[in-house]
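Please look through the structure shown below, with its sequence at hand, before reading on. The paragraphs that follow take up a few of its helices and strands in turn.

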Amino acid sequence: MKKIKWIHSIKIIIPIVILISILIPVLFTNTIFFNLFTNPFENQHKDEIASRAKGMNVSLEQYLESYSKVLSALEDQKSWQTFNDKNSVMTQEEIKTYYSDFSLMNDHKFEKAYQSTMDLITSFELDETIKTIYIGTPKKNMFGNNPGADASLINGVDTDFDCTTRPWYIGAIKNNGSVYWSPPYVDRENEENIKTIISASKAIYTDSGEILGVLAMDIYIDNFSKSAFDFRVDNRYTSFIMDNSGTYVLAESDRIGELVEVPGLVEFLNSNEKYFNYGNQVYTKFINSASGWYIIQSYSSENTKSDMKSILKT
């Protein structure tokens, strides 16, 4: 009886063993085949997002450089040294009075040079993407072409505004002569036409190397954002630009100024890794040297499956 049971068990086990011996090689072979088949597609998408990030960096560099040249042209104006010399010996109240009425200057040479600088600022402000250009000084005065009774003075001593505490001023001082690019913020002066602004600023110095002030301008970035992100030839790839704090600088939607909600992405910025995976998304980065911003490009790993299905159907 035991012998019969044993034979019966053998008859059951043998087919199972045979089936397993067949399935294991098949599964192993399929796994290898799948990896060999999918890796080229994964690498293709990775190469594509890396290439797109570099291409977007070129566009961003050209965009930022055009405004950097504006600040450089203003920095080269010869009136700044005399401007600083005069302001250094006056009180804030005297500065306000002095620049509110050019007839009080009694210095036709400086008046002409200063007015030439203001005229140059005016000409640059004709560009519809530039909201305003101004200079802040260590004495907390701001100068520009603001309309009103004090045509040359934006903020005077009778206000609580301290330009030296503003991010654009502090950032420019820390950058030591290089242009500082501020995080974006929303301009709500016109609620019917809300726009996004970044500030570009640059410290300028006296002949002896002391801080004379900070030149700055507010720039509407909506047009660049629209041209860079709204028109996409290939919808399989997404892109945005963020700073190292994890804030959207430029993006495809109205997320500008908000924090990027991708866990681990900020840490990825400071790593030596070229790619980062989160969920189905694969990300790559490219840092813009002028602004310190990170250009992020990504694709979904689902794209690889779609590519494979398309080929298998042919």
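In this predicted model, a good place to begin is helix H3, which covers residues 92-100 and in which Ile95, Lys96, Tyr98 and Tyr99 are buried. When one looks down the axis of H3, the buried residues fall within an arc of 165°, so they line one face of the helix.

From this single helix we can turn to a pair. Two packed helices are described by the angle between their axes and the distance between the axes. For helix H2 (residues 80-88) and helix H4 (residues 108-125), the axes come within 10 Å and cross at roughly 115°, and the crossing in which H2 passes H4 is left-handed. On the side of H2, the contact is made by Trp80, Thr82, Phe83 and Lys86, and on the side of H4 by Phe110, Tyr114 and Thr117. Sorted by class, the residues in this contact of H2 with H4 are four nonpolar, two polar and one charged.

The strands come next. Strands of a sheet pair through backbone hydrogen bonds, either parallel or antiparallel. Strand E1, made up of residues 130-136, is mostly covered, with six of its seven residues buried. E1 is joined by six bridges to strand E7 (residues 211-220), and the two run antiparallel; within this pairing, Ile130 has Ile219 of E7 as its bridge partner. Three bridges also join E1 to strand E2 (residues 142-144), again with the strands running antiparallel, and here Tyr134 stands opposite Gly144 in E2. E1 and E2 form a hairpin with five residues between the strands, and in this hairpin Lys140 takes a positive phi near 75°.

Further along the chain, which strands make up the open sheet, and in what order do they lie? Five strands form this sheet, in the order E9-E8-E12-E11-E10, and their pairing is antiparallel. Strand E9 (248-250) and strand E10 (275-278) are the edge strands, each of which pairs on one side only. From one strand to the next, the twist averages 35°. At the E9 edge, strand E8 (residues 237-242) is joined to E9 by two bridges, the two strands running antiparallel, and Met242 has Tyr248 in E9 as its bridge partner.

Conventions:
Residues are numbered from 1 along each chain as its sequence is written. This is a predicted model: local features need pLDDT of at least 70, side-chain atom pairs count only at pLDDT 80 or more; totals for chains, interfaces and linings use all residues. Side-chain values use heavy atoms; hydrogens and water are left out. Two strands pair if DSSP finds at least two bridges between them. Helices (H or I, at least four residues) and strands (E, at least two) are DSSP runs, numbered from the N terminus. Axes are lines fitted to C-alpha atoms, for helices over the stretch in contact, and angles run from 0 to 180 degrees between N-to-C directions. Buried means under 20% relative accessible area, exposed over 50%, partly exposed in between (1.4 Å probe, protein chains only). A crossing is left-handed if the near helix is turned anticlockwise from the far one by less than a right angle, and right-handed if clockwise. Contact means heavy atoms within 4.5 Å. Ala, Val, Leu, Ile, Met, Phe, Trp, Tyr, Cys and Pro count as nonpolar, Asp, Glu, Lys and Arg as charged, and the others, Gly among them, as polar. The arc is that of the directions from the helix axis to the C-beta atoms.
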